[in-house]
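Here is a brief report on one protein chain. Take a look at the model before reading on.

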Amino acid sequence: GYRIELVASEPQIVDPVAMAFDAQGRLWVVEMRDYPFLAEGAKPSSRIRILEDKNQDGVFETAGTFADGLLMPTGLQLWGSGAFVTLAGEVVYLPDDDHDGRTDDQEIWYRGFATENEQLRANHPTLAADGWIYVAGGLRGGQIENLRRPGDAAVSINGRDFAFHPRTGACRAVTELPPADAAALYMRELEA
């Protein structure tokens, strides 16, 4: 009893690589329009779109641009008023504090992810049950600088993935996802 139906296509979205639904049922889509390479002298043209199904017919007929001019975005995790996004060599936070559907700023939280190969970059930040956001390291590693906590030493993710805590800014290299009881650990952390 399953059926596949088209809910969004060009011109609403072009070159999608990641997506997420928000609490309002809107679909956030990462468009990597720069792939496979950015022409010399060209400005980055990737973007994040927010699609809406305003008439609730199952098709996202309305699309707005949340952020544009991004360089090689590979994933997003919705958080607070905006989204964490993996870009070429960075994890940035794009807030929308005035709630107008467009980012207000581009805050670089972490940088130093390898960028040599467009297909092997850090990607797809994902909020886990332990309250940390996990980022696939991209196979090329890097020495990650924490711009939220400039006094912290760089974190090597060579052969590993990356995780950060969106409330504290702490970060670490990881080799596996959190244990099954991570939600309980997270709740205890919040209570402390």
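## Surface, fold and local geometry

About 10600 Å² of the chain is exposed, and carbon and sulfur atoms supply 51% of that area. The model is a predicted one. Of the chain's 192 residues, 42% count as buried.

The chain holds 1 helix and 14 strands. Its radius of gyration is 17 Å, close to the 16 Å that the globule rule gives for 192 residues, so the chain is as compact as a globular protein of that length. Along the principal axes, the C-alpha atoms fill a box of roughly 45 × 45 × 40 Å. Contacts also reach across the sequence. Take those between residues at least 6 apart in sequence: 45% of them join residues at least 24 apart.

**The largest pocket**

Rolling a probe the size of a water molecule over the atoms shows where empty space is left. In this model, the largest pocket has a volume of about 200 Å³. It is lined by 16 residues, and the closest to its centre are D22, Q24, R26, W28 and S81. What is the make-up of the lining by class? The lining has 6 nonpolar, 6 polar and 4 charged residues.

**R26 and E52**

R26 is one of the residues closest to the centre of the largest pocket. It lies in the loop between strand 1 and strand 2. Setting aside residues up to four places away in sequence, R26 touches A20, F21, I50, L51 and E52.

E52 is found in strand 3, which covers residues 46–52. How far apart are E52 and R26 in space? Their C-alpha atoms are 5.0 Å apart, although 26 residues separate E52 and R26 in sequence. The contact list of E52 includes R26 as well. The rest of that list is V59, F60, E61 and T62, again leaving aside neighbours within four places in sequence.

Is E52 buried or exposed, or in between? Its relative accessible area is 26%. Buried means under 20% and exposed means over 50%, so E52 counts as partly exposed.

K54 gives another distance from R26. The C-alpha atoms of R26 and K54 are separated by 9.4 Å, with the two positions 28 residues apart along the chain.

**V30, a buried strand residue**

V30 sits in strand 2, residues 27–31. Its relative accessibility is 0%, under the 20% limit, so V30 counts as buried. Which residues does V30 touch, beyond those up to four places away in sequence? On the list are D15, P16, V17 and A18. R47 and I48 are on it too. P73, T74, G75 and L76 complete the list.

E90 is 60 residues from V30 along the chain. The C-alpha atoms of V30 and E90 are separated by 15 Å.

**Backbone points to check**

Two peptide bonds that lead into a proline are cis, and two residues other than glycine have a positive phi. The table gives the angles.

| Site | Backbone feature | Angle |
|---|---|---|
| E10 to P11 | cis peptide bond | omega near 10° |
| Y35 to P36 | cis peptide bond | omega near 10° |
| Q56 | positive phi | about 55° |
| H124 | positive phi | near 50° |

Where do these sites fall in the fold? P11 is in the segment before strand 1, which covers 16–21. P36 is in the loop between strand 2 and strand 3. Q56 is placed in the loop between strand 3 and strand 4, the latter being 62–70. H124 lies in strand 9, residues 123–127.

Accessibility adds to the picture for Q56 and H124. Q56 has a relative accessible area of 70%, over the 50% limit, so Q56 is exposed. H124 has 38% relative accessibility, a value between 20% and 50%, so H124 counts as partly exposed.

Notes
Residues numbered from 1 in each chain as written. Predicted model: local features only at pLDDT ≥ 70, side-chain atom pairs only at ≥ 80, totals over all residues. Heavy atoms only, no water. 1 Å grid on protein atoms, 1.4 Å probe; cavity = no way out; pocket = protein on both sides within 12 Å on 5 of 7 lines; lining within 4 Å. Points joined across faces, edges and corners; volume = space filled by probe spheres on them. Nonpolar A, V, L, I, M, F, W, Y, C, P; charged D, E, K, R; others polar. Helix = DSSP H or I, 4+ residues; strand = E, 2+ residues; numbered from the N terminus. Buried < 20%, exposed > 50% of the residue type's maximum accessible area, 1.4 Å probe, protein only. Contact = heavy atoms within 4.5 Å. Rg over C-alpha atoms; globule rule 2.2 N^0.38 Å. Areas by Shrake-Rupley, 256 points an atom, 1.4 Å probe, with all protein chains shown as cover.
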